[in-house]
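Please follow the chain through its architecture, beginning with a pair of strands and moving outwards to the sheet, the helices and the overall dimensions.

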Amino acid sequence: ILIGLVGSEMCIRDSKYTQTLADFTANLKYEDIPPEVLERAKHMAMQTIGVSLGANGLPMAEKAIDIGKSCGTGEPEATLWIDGSKVSMTSAVFCNSTLADMLDWEDCSWTGHPSAGVIPVSWAVAEALHKSGKEFLTAVVAAYEVYQRIAMVVQPPADWDFMKGWGLTSWQVFAGVTPAAKLMDLTPDQINQAFGFGVLCCPIPSQLHHITMSDAYHYEHGFRAKDGILAALCAKAGVDNYMDCFDDTYSFDYHMTPTPRPEWYAKDLGKRWLTMEVLLKHWPANMWLQTPIELAHVISTKYHIKPEEIADIELDPPTVGRMYFSPEGFNSLTQAQFSAPFMLAAYLLEPTPGPGWFDRAKLKDPRILELAAKVHGGPSAPHYLNQCFKGFQNGEFPTKKLTITTKDGKVYSESMDCHPGHPRNMLTHEEFVERFKVQAAPTLKGERMEQVVHALADLENCDDVASIGALLHK
């Protein structure tokens, strides 16, 4: 015991980072948040719910719903999106967070996909506790602000090796801990302890996803969201001696990277709203493929090019790790979502995005593979992911040029950096609404669609989030 105490004292930083984040979370009020930040939070909710409903019809979505039902013991507190069944909060967020990431369509911050945790957790807890739209939005903003800062602490320097130290579903748990603790009305000290439970549930970074490209990647978001709610519930139940996890040098960030930057925990907290700096995807694909697909959209609609007319597609510069193609096809949704050749071919053959792009048969569809085989990188030096992420954190985005050559020898080129949905080229409210209708179309139809659109657009005036939750199913 003495060794443990001495060791603990030696490891404590001279800081109050954990309590600062806990105080911010507990004390943040709706009235404290700038209107544009609240509006962005509302659009993030609309986007994430829309893309979750858009997964309807995929076998993996059915599996996630079945798991939500089978482990859904306890009070029927929250809705399984798409299906409509009522289950416990933890079961709902496991399912809904998995759905949120399934099409790889929700968002990308500087560090990962916070929306896949923030929105399903905030929604399930608000629904279970009959919180208002304003309370929901306040928790959402608190979560984005806290999550992003915790995640930035463990971002390695510019020359880092991408395969060492990158584990977005390690810090993803805090996208769930924070809004759950806020909506459960935990005290600042309880929230401090909830962060400690978050560290307890924080896995060591693993690159198994990048090795296998398995769709288990999407389930990871469900695991972390469920853990986030459990962390808040444990802290609410009460625990001794679990304070100040971010102030102990070796409890969290040291295990993620040998060069942590603890100053990020409280950097410009409450002044610089990082909620406004999250990218919202325009297309269901990896974030580094958003611009190439957007360019294909611009060229094909501007010049009315048909897939059968295309002889060659050049992407310049290519992004390392995003040009994979196999003549035999693709083995998972994730592998396809990370492939520029597949995604460009999928768009050109079927311009309306949705689960149809990733139907199991499409992964080996001869038409898609024939067109995907025509995609290649251009002559410029390729973009590396570490460079891309560091640029994104500085407000930049890599410029891409797409050139389509048709069989009659005509050449069409367009270039772009910040595509629609990038913080510097954000969608308007009307564009968010129209995108939501495309995203949610596999689940919502007719009057139900219009009801949900109106309710989400007017979320700040909703007295009980559960009244909207009851509509989020087929």
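In this predicted model, strand β5 (residues 310–316) is joined to β6 by 3 bridges, and the two strands run parallel. One pairing to look for is that of E314, whose bridge partner in β6 is H376.

These two strands belong to an open sheet of 4 strands, which follow one another in the order β6-β5-β7-β8 with mixed pairing. Its edges are formed by β6 (375–377) and β8 (411–416), each of which pairs on one side only. From one strand to the next, the twist averages 20°.

Helices pack on this sheet as well. Helix α14 (residues 290–303) lies across β5, β7 (400–406) and β8, and it runs at about 135° to β8. Helix α16 (residues 340–349) touches β5, β6 and β7 as it packs on the sheet, and its direction makes about 130° with that of β5.

Contacts between helices can be considered next; two packed helices are described by the angle between their axes and the distance between the axes. Helix α3 (residues 35–53) and helix α6 (residues 115–128) pack at an angle of about 95°, their axes lying 10 Å apart. Because angles of 65 to 115 degrees count as roughly perpendicular, that term describes how α3 and α6 are placed to each other. On the α3 side the meeting residues are M44, A45, T48 and I49, and on the α6 side they are S115, I119, P120 and W123. By class, this contact of α3 with α6 has 6 nonpolar and 2 polar residues, with no charged residues.

A further pair is formed by helix α19 (residues 429–440) and helix α20 (residues 446–457), which pack at an angle of about 140° with their axes 11 Å apart. How are α19 and α20 oriented to each other? They are oblique, because roughly antiparallel is kept for angles over 145 degrees. In passing α20, α19 makes a right-handed crossing. The contact is made by H429, V433, F436, K437 and A440 of α19, together with M449, E450, V452, V453, L456 and A457 of α20. By class, the contact of α19 with α20 has 8 nonpolar residues, 1 polar residue and 2 charged residues.

Stepping back to the whole protein, the secondary structure comes to 21 helices and 8 strands, and the C-alpha trace spans about 75 × 50 × 40 Å along its principal axes. The protein has a radius of gyration of 22 Å, which agrees with a compact globule, because one with 474 residues would have a value near 23 Å.

Definitions and conventions. Residues are numbered from 1 along each chain as its sequence is written. This is a predicted model: local features need pLDDT of at least 70, side-chain atom pairs count only at pLDDT 80 or more; totals for chains, interfaces and linings use all residues. Side-chain values use heavy atoms; hydrogens and water are left out. Axes are lines fitted to C-alpha atoms, for helices over the stretch in contact, and angles run from 0 to 180 degrees between N-to-C directions. Angles under 35 degrees count as roughly parallel, over 145 as roughly antiparallel, 65 to 115 as roughly perpendicular and the rest as oblique. A crossing is left-handed if the near helix is turned anticlockwise from the far one by less than a right angle, and right-handed if clockwise. Contact means heavy atoms within 4.5 Å. Ala, Val, Leu, Ile, Met, Phe, Trp, Tyr, Cys and Pro count as nonpolar, Asp, Glu, Lys and Arg as charged, and the others, Gly among them, as polar. Two strands pair if DSSP finds at least two bridges between them. The radius of gyration is taken over C-alpha atoms; the globule rule is 2.2 Å times the number of residues to the power 0.38.
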